[in-house]
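Here is a guided look at one protein model, written for someone who would rather think at the bench than scroll through coordinates. Keep the structure open beside you as you read.

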Amino acid sequence: MMKTIKQVIKKSLGMVGITVGKTYWVQSKKWMLYQVREKGIDLTKGLGYEIDSDIKKCKVYPQQSKEIDLTIEKLLDDKKYTFMNMLIVTNPYQYAPLCAMAIFGTKKDCKVSVTVFGKTEDTNISYTLDKTRRHRVPILGLYEGMKNKVEICLLDDKDNVLKRKEVIIRTEEMKGVNGELEIIKEPSVTDYCYGLTLVYGGNNGVYPYAFDKNGDRRFIFSMVPKSYGFQPMKNGRYLFLAKKATRETCHNPSGLQVYEIDQLGRIHRIYNIEAGSHHDYCELEDGNLVVASNAFDGTYEDAVLEIDRKTGQVVNEVNIKDYVDKKFIDSSDWAHLNSLQYDKENKTVIVSCRNLHSVLKIDWGNKKLLWILCDPTVWKGTPQEDKVLKPTGDMQWFYHQHAAYYVDFPKDHQSVGKLILFDNHNCKRRAVETYDEIKDKSFVRIYEIDENKNTVSLIKSFDSDRSGIRSDAFWEQEENRVLAMNGRIWKKVVKEEQVTDENGQTVTKTKTDKIAVGSVIEYDYDSGAVLNKFKMNFGFYRARKFKFQPQMMTEPMDMDDAYYIGELHGIEKCTPPDVSNAIKVSDIDTEHATSEEKGILDISAEIEQNILYIRHQDHLLQALYFVGENQSYIRDLSYSKQERMEYFAGIKIYDPIPLDMMEKDHYTVYFKKDMKLYQSDISFQKK
């Protein structure tokens, strides 16, 4: 009987994992989703979905974030929660497990101060929020898997404390590889200059995270990006390159969607980029986005696009092939752009071309090549030889570099600027006869460039851990520090396994393997001495300074409908294929299926708003057909061939099919594999 009563009470209150304090309630992210349903908030209503199908339907991420945001507003409207009886929801928006939100109202406008207590005093996270009566208080910087002590205070205009409350908030433990992540701080010489350090990217399934001065994680965004993206923006948000939509290339499939997210885990917008994006992004003064993209003309990772922030349309484009000698275009991945930077004063863009060992500066308006920073040997005898900056003084060159950024742009009527880059220092993709064969370390290089004289000099160099690819570096001039973010360090690991020998005896066999790990090293600028070092047991793409933006996190989301912006590559009308001899996927003998048939059986689909995602193995298919009763369409996949099978053959493509391009009809999806046609069990009605 008692159990039944508890179940009834729990159901009636909609509680999931509730903890009742004396003067506050702590609820979970599941409870928040329950409240969305209870309050009947559904932003899919009235969108005019035109698809009738048994295919799994998914909510668009910004829809979910906005539904939760509206629910919080309704909770405030109810005026049930006060400072003395406040509601606290952990991870309310589902993707920031080390944050929470306190929700309550006050009769008068008050400021709110928050202190999340750290394990040491210098890792406390404190901030004060502007005054209001409707309080959406972000609680940022919690520790994972533990009880966190947090102080919340009401303040008057003079910052006098009116009321004070101490709360305990327990967070979830990370699982899988995210639970295995370790950050080890080596003995330090002095205080580390970053309060928090953001680490993201790679191919290891680790979420983007930020750690404090002790090496403890205080922020996590619990979604894995596609190799690269978690790029900071000016408004306290980030650009997150998603895995949801991808397009085949001759190497690494290109990400087609970039999410605009924030530190609470809210997903504000999705930018669809037809040609895909990779590696790096920057923001123009008008808010437009500049992204590293693809030419899709037999080569890739060699174009730069400007995307209109409001419409998603491409409004400017630079193809790096237009600035180089044809001899350099000797492979599909001939350039491999891995960083870009826009100078708003001079309207120029700086791009790092890893596979050319070169950094190029281009006038963004008239598309003119201004200079090239590179070992002059690379460009010797080319039409662009005169654009190569001339070295002065004792020069050390970089090879296979990443993350080339001006630290000081040349200012009004001045020509001298300083540029920092991470020198991975290898010639794996393009041999250079003057390469010095240093293969046991990488470097941080700082160069001074005189654009009027067309010269360059090396002013600082720091030896660092050998990171063959990825990584970046920063020069914090006020603190007189330089940081190397080493994202791909190979570490040998000896493993023992039990095997059966030829005599049937169990023996221990030793196997040497290697894994990618990472490190963050802080140097004194003047002496080059190592001041602090953190080591991670997983590699990463890049790391950088991180700072919470709590005031921005108090603001409700913009509820306009423009959350799905830009275009995806389309489909074309076609003559219906002959399906009379098509093999039905449902007839394949799963127990005795060939490897090809297993690949076909593994194809799946889901619908998100008016986009059909078909998930299949990279370069498995030559075409997707959508055969209707009156018309048919094709997604032709024969435009590229996988050239790096050892790396990308097993990767999964999430092929986005824009259904709004189709006419009304009932469609069945067919897969073309070599000379065979397979009839899938994927079908839908376009109304």
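## Helix α3

Helix α3 covers residues 61-77, and at 1.5 Å a residue its 17 residues should span 24 Å; the C-alpha atoms at its ends lie 25 Å apart, so the expected and computed spans agree. Bear in mind that this is a predicted model.

How much of α3 is covered? Mostly covered is the answer, with 12 of its 17 residues buried. The buried set includes the run P62, Q63, Q64, S65, K66, E67, I68 and D69, and further along T71, I72, L75 and L76. An α-helix has 3.6 residues a turn, so residues three or four places apart point the same way. The buried residues of α3 pack against one helix, α2 (29-38), and against the strands β5 (86-90), β6 (99-116), β7 (125-140) and β18 (267-277). Just past the end of α3, K79 has a positive phi of about 55°.

## Two nonpolar cores

The largest nonpolar core has 98 residues, and I88 and I139 are the ones that touch the most other members. Strand β6 gives the most to this core, contributing 10 residues. Apart from this core lies another one of 49 residues, which includes V304, L337, V351 and W371.

To get a feel for the surroundings of I139, try displaying its contacts. Leaving out residues up to four places away in sequence, I139 touches I88, L98, C99, A100, A102, V116, Y127, V150, I152 and I169.

## Strands β6, β8 and β9

Strand β8 (residues 147-155) pairs with β6 in the antiparallel sense, through 6 bridges. If you want a landmark for this pairing, S113 has C153 of β8 as its bridge partner.

Strand β8 also pairs with β9 (residues 161-170), again antiparallel, this time over 9 bridges. Here L154 stands opposite K163 of β9. The β8 and β9 strands make a hairpin with 5 residues between them, in which D159 takes a positive phi near 65°.

## Strand β25 and its partners

Next, look at strand β25, residues 358-363. All 6 of its 6 residues are buried, so β25 is largely enclosed by the rest of the structure. In a regular strand the side chains alternate between the two faces of the sheet. Both faces of β25 are covered: one side carries S358, L360 and I362, the other V359, K361 and D363, and all of these are buried.

Which strands does β25 pair with? One is β24 (residues 348-353), antiparallel to β25 over 6 bridges, with T348 standing opposite D363. These two strands form a hairpin with 4 residues between them, and H357 in the turn has a positive phi of about 50°. The other is β26 (residues 369-373), which runs antiparallel to β25 and is joined to it by 4 bridges. In that pairing, I362 has L369 as its bridge partner. The hairpin of β25 and β26 has 5 residues between the strands, and K367 there takes a positive phi near 65°.

## D423, a buried aspartate

D423 belongs to strand β29 (residues 416-423). Is D423 buried or exposed? With a relative accessible area of 0%, D423 is buried.

What does D423 touch, leaving aside its neighbours within four places in sequence? Its contacts are W397, F398, Y399, S442, F443 and R445. D423 and V444 are 21 residues apart in sequence, while their C-alpha atoms are 5.9 Å apart in space.

## Empty space: cavities and a pocket

Rolling a probe the size of a water molecule over the atoms shows where empty space is left. The structure holds 3 cavities of 30 Å³ or more, and the largest has a volume of about 50 Å³. Its lining is made of V199, Y200, G201, N204, V206, Y207, Y209, F538, G539 and F540.

The second largest pocket has a volume of about 1100 Å³. Its lining counts 34 residues, with Q231, P232, Q341, F474 and R544 lying nearest the centre. Among the elements that give two or more residues to this lining are β14 (231-232), β23 (337-343), β28 (402-408) and β36 (542-546). Strand β32 gives the most to the lining, with 4 residues.

Definitions and conventions
Residues numbered from 1 in each chain as written. Predicted model: local features only at pLDDT ≥ 70, side-chain atom pairs only at ≥ 80, totals over all residues. Heavy atoms only, no water. Buried < 20%, exposed > 50% of the residue type's maximum accessible area, 1.4 Å probe, protein only. Pairing = 2+ DSSP bridges. Expected span 1.5 Å × (residues − 1). Contact = heavy atoms within 4.5 Å. Core = buried A, V, L, I, M, F, W, Y, C linked by side-chain atoms within 4.5 Å. 1 Å grid on protein atoms, 1.4 Å probe; cavity = no way out; pocket = protein on both sides within 12 Å on 5 of 7 lines; lining within 4 Å. Points joined across faces, edges and corners; volume = space filled by probe spheres on them.
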